[in-house]
Amino acid sequence: MLQNLHVKNLALIDEADVEFTEGLNILTGETGAGKSIIIGSMNLALGEKVPKEMLRNNDDTALVELIFQVDNEQTKEALRALDVELEDDMVILTRKISGARAVGRINGETVSVSRMKEVAALLIDICGQQESHTLLSKKKHLEILDEYAKDALADKKQSLAFEYKEYRKLKEEWESANLDTEEQKRELSLLEYEVHEITEAAPIAGEDEELEAAFRRFSNGKKIMECLGSAYEATGGEMESASELIDRAVRELGNVSGFDKPIEDLEQQLVEIDNLLSDFNHEISNYISSAEFDEETFYETEKRLDAINHLKSKYGNTIEEILSSCREKEERIAKLSDYENYLADLAARIAKQEKKVQELSDEISEIRKKYALQLCGTVTEALKELNFLDVRFEMQFERTTGYTANGVDDAEFWIATNPGEPTKPLGKVASGGELSRIMLAIKTVMAEGDDIGTLIFDEIDSGISGRTAQMVSEKLNVLGKSHQVICITHLPQIAAMADTHFLIEKEVENQATVSRIRKLDDKECIGELARMLGGVEITETVYKSAQEMKQMAYMKK
């Protein structure tokens, strides 16, 4: 669950710390007090784009931090699979915004935005008015169904994605394979020329590196011999060379080494140096006498290196790539040389692959239809609990015009909210308030089968009041018994159900407007309910109504 939210320098918030609790957390406040900023700041920490208007001051650094306590073992395993190591079962998501740059961290480690979103998806689910309106899109309906049936669909969908990819590759090969006779001849002629060019040169892996080393050696042959000669003269020549001087020093030490042990050790060291230098002189002399820097060898090396580089310019950056290109061309020549059989074989492979895609698509479709009945049945019951008294909710299936990586289903939710009416597409008949309740019903059903600990509802009460508002509050109360729920609301019926109630309010400090958020005690909760019920003037009657509303809420818990 979400334990703590820390916000600094965002919009109207200079700095705020919120300690959330289990159950139903309610956030209320006057319009414009900054309730949307709280959800906006959470979205930032979860990897969403940073709007410029969210920054309180462009010169300041803004910060949002969310601290989660993770108790579910499956969630822990999923986090470890994303390389997130928990610290005392805690996950800390941090987003630091400085100017146009935003840096995300998970438990102190800098991560990409995509990684933050992956991790956040395991911990929290935010449902606002914008997400409710995604129900207007048919694509969203199939996503909801697939998420509901994920345990039954996951392996099948993964297999389908792989087989469909192979199918598309074969189809693309077929589309590019239909050449007329003249095109076949031209391509075959070019391929044969290119293969001949490579095979005639007969490049060998690693040959280019040896040639380049030899070329460098030949190109600098004169300088090499001059430097080697000078080195030999300095170390092993006849006139005042290092060898002669060391030999003289050995003789001098030999005259006195018998008089003192340390001198004898020094003599031995110098003898070893003399031996090493003698070996060195022998090897450098052999190198000079055996070195070949003749023009003909240099010419042949340069010519061969030019031939290899020519092949690289046409067929690959390395000899391995050149040889691989040659093999591909030979395979293509084999196909073109027996083109009719190649096309027949390709057509057979496409048909075989299409059958695999079809069978998997049909299996997935059957699973979806089975789970769609379960999903729609449970959502219907949830809708009835949200004051859709005579509702029918179903999913209708059509087939796509072709195969896709997601199967052949074109599915859509249909609904009828009044007796005697036929069901119609959800996006064409549901109002804004109905969409909010439908999304709440779907979220409630989905929450029963997932491991996400925290659900956030941003103004789920849009467009509702009276009896419907009361039923929504009861549904949130039930949901809060199995999940941590954080809800922003304008309705006292919903606020009365709070296990923990927070108030967001604006204040003027140092000639600047700031938002503050604080936890309310029991007496303050009733006062806030009275404000929501009565508006500007809170009479004794209104206050008693708030008390009664809170008492009734306690009785339903």
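**Close-up 1. Pairing of strand 3 with strand 14 in the predicted model.** Strand 3 and strand 14, the latter spanning residues 500-509, run parallel and are joined by four bridges. Within this pairing, Leu27 of strand 3 has Phe502 of strand 14 standing opposite.

**Close-up 2. Pairing of strand 3 with strand 13.** Strand 13, which covers residues 484-488, pairs with strand 3 in the parallel sense, again over four bridges. Leu27 is also found opposite Ile488 of strand 13, so that this residue can be followed from the view of Phe502 in strand 14 to the view shown here.

**Close-up 3. Burial of strand 3, residues 24-28.** Because five of the five residues of strand 3 are buried, that is, under 20% relative accessible area, the strand is largely enclosed by the rest of the structure. The side chains divide between two directions, with Leu24, Ile26 and Thr28 pointing one way and Asn25 and Leu27 pointing the other way, and all of them are buried.

**Close-up 4. The second largest pocket and its lining.** The space in this second largest pocket amounts to about 380 Å³, and 21 residues line it, with Met1, Gly453, Thr454, Ser482 and Gln484 lying nearest its centre. At least two residues of the lining come from strand 4 (61-69), and at least two come from helix 3 (113-123).

**Close-up 5. Residue classes in the lining of the second largest pocket.** Sorted by class, the lining of the second largest pocket comprises ten polar residues, six nonpolar residues and five charged residues.

Methods
Residues are numbered from 1 along each chain as its sequence is written. This is a predicted model: local features need pLDDT of at least 70, side-chain atom pairs count only at pLDDT 80 or more; totals for chains, interfaces and linings use all residues. Side-chain values use heavy atoms; hydrogens and water are left out. Buried means under 20% relative accessible area, exposed over 50%, partly exposed in between (1.4 Å probe, protein chains only). Two strands pair if DSSP finds at least two bridges between them. On a 1 Å grid over the protein atoms alone, a cavity is a set of points where a 1.4 Å probe fits but cannot get out, and a pocket is an open set with protein on both sides within 12 Å along at least five of seven lines; lining residues have an atom within 4 Å of a point. Grid points are joined across faces, edges and corners, and a volume is the space filled by probe spheres set on the points. Ala, Val, Leu, Ile, Met, Phe, Trp, Tyr, Cys and Pro count as nonpolar, Asp, Glu, Lys and Arg as charged, and the others, Gly among them, as polar.
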